[in-house]
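Let's walk through this one with some quick questions and answers. Have the coordinates open and follow along.

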Amino acid sequence: VYSLVIPTAVGIVLPDQIAAEYSGYVDQSACLDKIFSYMDSSVIPVNIFNKLKQHKSEYLYFRTDWHWSAIGAYYGYERFCEVKGVAPYTMEQRTEKIYDGYKGPFAGKDSAVSATPDTVYAYLPYHSVSMVFTETSGAKYNWPVVANGDTYSAPNKYLIFAAGDQPYAEFTNADVTDGSVGIVVKESFGNAMMPYFVDHYSKVYEIDYRYWKGNLVDFARQVGATDIIFANNIGMVRSSYLVGLLDKIV
């Protein structure tokens, strides 16, 4: 079981001089240390704070949205691979897609923000991976792991990753035949990591605990999971509502 808690932009890219002057600033690095200290020794922590901090000048987070970009998610994946002891597939090994004109939720609140839309970068899986997702109605759809962002409206371009916030999705990697099975338990920050995780398992099951109604332990036994990865942003950890939803499936 891996715990990958994702820092938010304020913890990584806020300039130090502003952080020093802001009375409400909280050191997310210290928070992560505290969070991981509470965990049982059987849980493997994946602390990505320093990895992101090393790349803070890069396009790690959107301006018009609170989410991280596929570039930030890549460094989180790279740190996961270091902890797991496997070689990551580099961004250069992957096909890059670039979609301009993304106007996330902040764009509707401020005209200056709206005037500077984001660019959505995406990096396709290295391997041949198919995806089937199940929506809340129970309907199933075959879908690309990374969809064509040109077909999405300006406010929805972050949804190109793993079909957005779906309760459940199943990924099959035709090139990995060792029978490895991963489960990724996530909220929306985890979406951008899915094109990377799927390269390392024969099967990956993605569960969004906000919408999925099953029992995670029973499901992991049923599918023969070899790894379970919890990939959630640090804001989720302090939400009693979201932690409560996660508790319901465990």
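Buried here means under 20% relative accessible area, exposed means over 50%, and partly exposed is in between. Keep in mind that this is a predicted model.

Q: Are Tyr168 and Tyr205 buried or exposed?
A: The cut-off to use is under 20% relative accessible area for buried. Tyr168 and Tyr205 both fall in the class called buried.

Q: What kind of pair do the rings of Tyr168 and Tyr205 make?
A: Two rings pair if their centres lie within 6.5 Å, and planes under 30 degrees apart count as stacked. The centres of Tyr168 and Tyr205 are 6.3 Å apart with the planes at 25 degrees, so this pair is stacked.

Q: How many residues apart in sequence are the parts that Tyr168 and Tyr205 tie together?
A: Tyr168 belongs to strand 7 (residues 168-173), while Tyr205 belongs to strand 9 (residues 203-208). The pair therefore ties together parts whose separation in sequence is 37 residues.

Q: How many aromatic pairs are there, searching the whole structure?
A: The test is ring centres within 6.5 Å. Run over the whole structure, the search gives 20 aromatic pairs.

Q: How far apart along the chain are Tyr77 and Tyr196?
A: These two form a stacked aromatic pair, 5.2 Å centre to centre with 25 degrees between the planes. Tyr77 sits in helix 5 (residues 70-84) and Tyr196 in helix 7 (residues 194-197), so the pair links distant parts of the chain. Their separation is 119 residues.Q: Which helix gives the largest share of the largest nonpolar core?
A: In soluble globular proteins, nonpolar side chains tend to be buried together. The largest nonpolar core here has 58 residues, and those with the most contacts inside it are Trp68, Phe80, Ile160, Phe161, Phe171 and Met193. Its largest share is eight residues, and they come from helix 5.

Q: How many residues are in the second, separate core?
A: Look for Ile183, Tyr205, Tyr209 and Val223, which are included in this core. Tyr205 is also buried, like its ring partner Tyr168. The size of the second core is 19 residues.

Q: Is Trp143 buried or exposed, or partly exposed?
A: Trp143 lies in strand 6 (residues 140-143). Leaving aside neighbours within four places in sequence, Trp143 is in contact with Met131, Phe133, Tyr152 and Ala163. Its relative accessibility is 34%, so Trp143 counts as partly exposed.

Q: What distance does the polar contact between the side chains of Thr119 and Asp100 have?
A: Thr119 is in strand 4 (residues 118-123) and is buried, at a relative accessible area of 17%. Beyond four places in sequence, its contacts include Tyr59, Phe62 and Asp100. The polar contact joining the Thr119 and Asp100 side chains is 2.9 Å.

Q: What is the phi of Ala163?
A: Ala163 is in the loop between strand 6 and strand 7, and at 10% relative accessibility it counts as buried. Ala162 is in the loop between strand 6 and strand 7 too, with a positive phi of about 55 degrees although it is not a glycine. For Ala163, phi is again positive in a residue other than glycine, near 65 degrees.

Q: How much space lies in the largest pocket?
A: Its lining has 20 residues, with Ser3, Met39, Phe230, Leu246 and Val250 nearest the centre. Among the elements that each supply at least two lining residues are strand 1 (2-6) and helix 10 (240-249). The space in this pocket is about 540 Å³.

Notes:
Residues numbered from 1 in each chain as written. Predicted model: local features only at pLDDT ≥ 70, side-chain atom pairs only at ≥ 80, totals over all residues. Heavy atoms only, no water. Phe/Tyr/Trp six-rings, centres within 6.5 Å; stacked < 30°, edge-to-face > 60°. Helix = DSSP H or I, 4+ residues; strand = E, 2+ residues; numbered from the N terminus. Buried < 20%, exposed > 50% of the residue type's maximum accessible area, 1.4 Å probe, protein only. Core = buried A, V, L, I, M, F, W, Y, C linked by side-chain atoms within 4.5 Å. Contact = heavy atoms within 4.5 Å. Polar contact = N/O pair within 3.5 Å; in protein donor to acceptor, adjacent residues only side chain to side chain. 1 Å grid on protein atoms, 1.4 Å probe; cavity = no way out; pocket = protein on both sides within 12 Å on 5 of 7 lines; lining within 4 Å. Points joined across faces, edges and corners; volume = space filled by probe spheres on them.
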